[in-house]
Amino acid sequence: MNQENNIVKPISKEDRIVYLDILRGIAILFIFTANIPFFSGIFFFPEEFQFGWANLAFDKSLDFIMYALIDGKFYSIFSLLFGIGCVIQFQNLTYHNKPFPPFFRKRMFWLLAIGCIHLFLLWPGDILTLYAVLGFILIWFIKMENRTLLSLAALLIFFPIVNWVFMEETGIYYPGIAFDQSLVIFHHFGMPTMEWNGREVTNFPAYLQNPNLIDHFKMSLGKGFVRIGRILDEGREFKVFGVFLIGLWTGRKILNEELLNNKSFLRKVLIWGLLIGLPFNFLRASLEFYGNGDKEQEFLKILYYALGTVPLAMAYAAGIALWVKKGAGLLKWFQPVGKMALTNYLSQTIISIAIFYGIGFGLAGKLGFTVIMIIAFTIFFLQMIFSKVWLSYFKYGPMEWLWRKLTYGISLKFKR
């Protein structure tokens, strides 16, 4: 047998599904619009800190709309895509008579390495680390039957409610272990802390304004544990894994039953997703912006999040599928970004740090919400152009090439 036939290679250009690249590119845009307010520090400084010209009357209304329609929906779509990608890789390995678990563990190991560098050295909002950790577990579910996948997914999506009730009723606040570790690191390096709700916490405004690169890395290490604590506090790991399982189901339907050609099913997902998702998301946004923050309202926000976020995310995914089926048109501009999703996601961090952090231009807290959104869309537009030009000369984005090379362990042609 030819040895080359035994080598498993990345999915070829001809076998890529255009819709998935487009959907991934759109998700990268709106994940960025959800992340950039935290990069900008807008929630951590008083309005008086902002430049007068950058504080617009429309800011709060736009923030409300973006929170209701965007927050949580597009990282849910990215979780869906992760599950779909897992199925595509499983079928690719199966076709080549190769075992899936060793390959996927290696793939997740290197994603975890990239994610940890991102989380603990650059930005405490990383999602790659969580995806990699859950990816190791996903291997055990790759052959589970469809009905069980969907039942378990529904249970996991609602499990953050159980997580919240458990902590409230027992008084066992287990995410505190991670928050305490962040303080240990800050104390060890002599980094600034502050008081919040009667507790000592790491000082995020000082982190954003810090002008020293070495201190940035020291604080990032501690802030990484804050991120872990936040994920555990929200029960986000349950919801993300639930959507992973929906992704496994969806991937099978796309590859084996031509789901993307089933317009009737896609329309039903679009309509029901909007009917269920929109009311609950606007209720949640109303409580977040205008509520009093008591325990009852905190519970309702978690409940509305579980009821509304995934249905609306699935509606967006189905709507985009119908649009692509009708003729992608302008949506094709998102395709190169989707092919370079990892590169673009990480570069958004680097660019945002350069603009807002004290080790960059130091604009943290100085710009209003609308201006920040304009900056986000401008950066993404430039990424669209860059991705298209880059892929006209190279087969992969730089991080995509590195991840594939480390995973597959073969020499990959970089240039076209």
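**Exercise 1. Find the helix that holds isoleucine 385, and work out whether this residue is buried, partly exposed or exposed.**

*Solution.* Start with the location: in this predicted model, isoleucine 385 sits in helix α15, which covers residues 369–393. Next, take its relative accessibility, which is 35%. Buried would need a value under 20%, and exposed a value over 50%. Isoleucine 385 therefore counts as partly exposed.

Now look at the surface around it. Ile385 helps make a nonpolar surface patch of about 760 Å². Its partners in that patch are Leu330, Trp333, Phe381, Leu382, Val389 and Tyr393.

**Exercise 2. Decide whether histidine 216 is buried or exposed, and list what it touches.**

*Solution.* First, place it: histidine 216 belongs to helix α9. Then check the relative accessible area, which is 2%. The cut-off for buried is under 20%, so histidine 216 is buried. Finally, skip the neighbours within four places in sequence and see what is left: Leu121, Leu122, Tyr207, Asn210, Ile353, Tyr357 and Ile359 are in contact with histidine 216.

**Exercise 3. Work out how much of helix α5 is covered, and which helices help cover it.**

*Solution.* Helix α5 runs over residues 128–138, and eight of its eleven residues are buried. Those are Leu128, Thr129, Leu130, Tyr131, Ala132, Leu134, Gly135 and Leu138. For the cover over these buried residues, look to α3 (73–95), α4 (100–122), α9 (213–234), α10 (236–257) and α14 (341–356), which are among the parts that supply it.

**Exercise 4. Explore the largest nonpolar core: which residues touch the most other members, and which helix gives the largest share?**

*Solution.* The core has 110 residues, and Tyr19, Ile36, Phe74, Phe100, Tyr131, Leu245 and Leu248 touch the most other members. Helix α1 (residues 18–40) gives the largest share of this core, with 13 residues.

Now zoom in on one of those well-connected residues. Leaving out residues up to four places away in sequence, leucine 248 touches Gly83, Ile84, Cys86, Val87, Leu138, Phe141, Ile142 and Leu149.

**Exercise 5. Say why the protein chain counts as being as compact as a globular protein of its length.**

*Solution.* Begin with the parts list: the chain has 16 helices and two strands. Its radius of gyration is 22 Å, close to the 22 Å the globule rule gives for 416 residues, so the chain is as compact as a globular protein of that length. Along the principal axes, the C-alpha trace spans about 65 × 45 × 45 Å. To round off, 51% of the 416 residues count as buried.

Technical notes:
Residues are numbered from 1 along each chain as its sequence is written. This is a predicted model: local features need pLDDT of at least 70, side-chain atom pairs count only at pLDDT 80 or more; totals for chains, interfaces and linings use all residues. Side-chain values use heavy atoms; hydrogens and water are left out. Patches are made of residues with over 30% relative accessible area and no salt bridge: like charges are joined within 9 Å, nonpolar side chains (Val, Leu, Ile, Met, Phe, Trp, Tyr) within 5 Å. Accessible areas come from the Shrake-Rupley method with a 1.4 Å probe; for residues, only the protein chains shown count as cover. A salt bridge is a side-chain nitrogen of Lys or Arg within 4 Å of a carboxyl oxygen of Asp or Glu. Helices (H or I, at least four residues) and strands (E, at least two) are DSSP runs, numbered from the N terminus. Buried means under 20% relative accessible area, exposed over 50%, partly exposed in between (1.4 Å probe, protein chains only). A nonpolar core is a set of buried Ala, Val, Leu, Ile, Met, Phe, Trp, Tyr and Cys residues joined through side-chain atoms within 4.5 Å. Contact means heavy atoms within 4.5 Å. The radius of gyration is taken over C-alpha atoms; the globule rule is 2.2 Å times the number of residues to the power 0.38.
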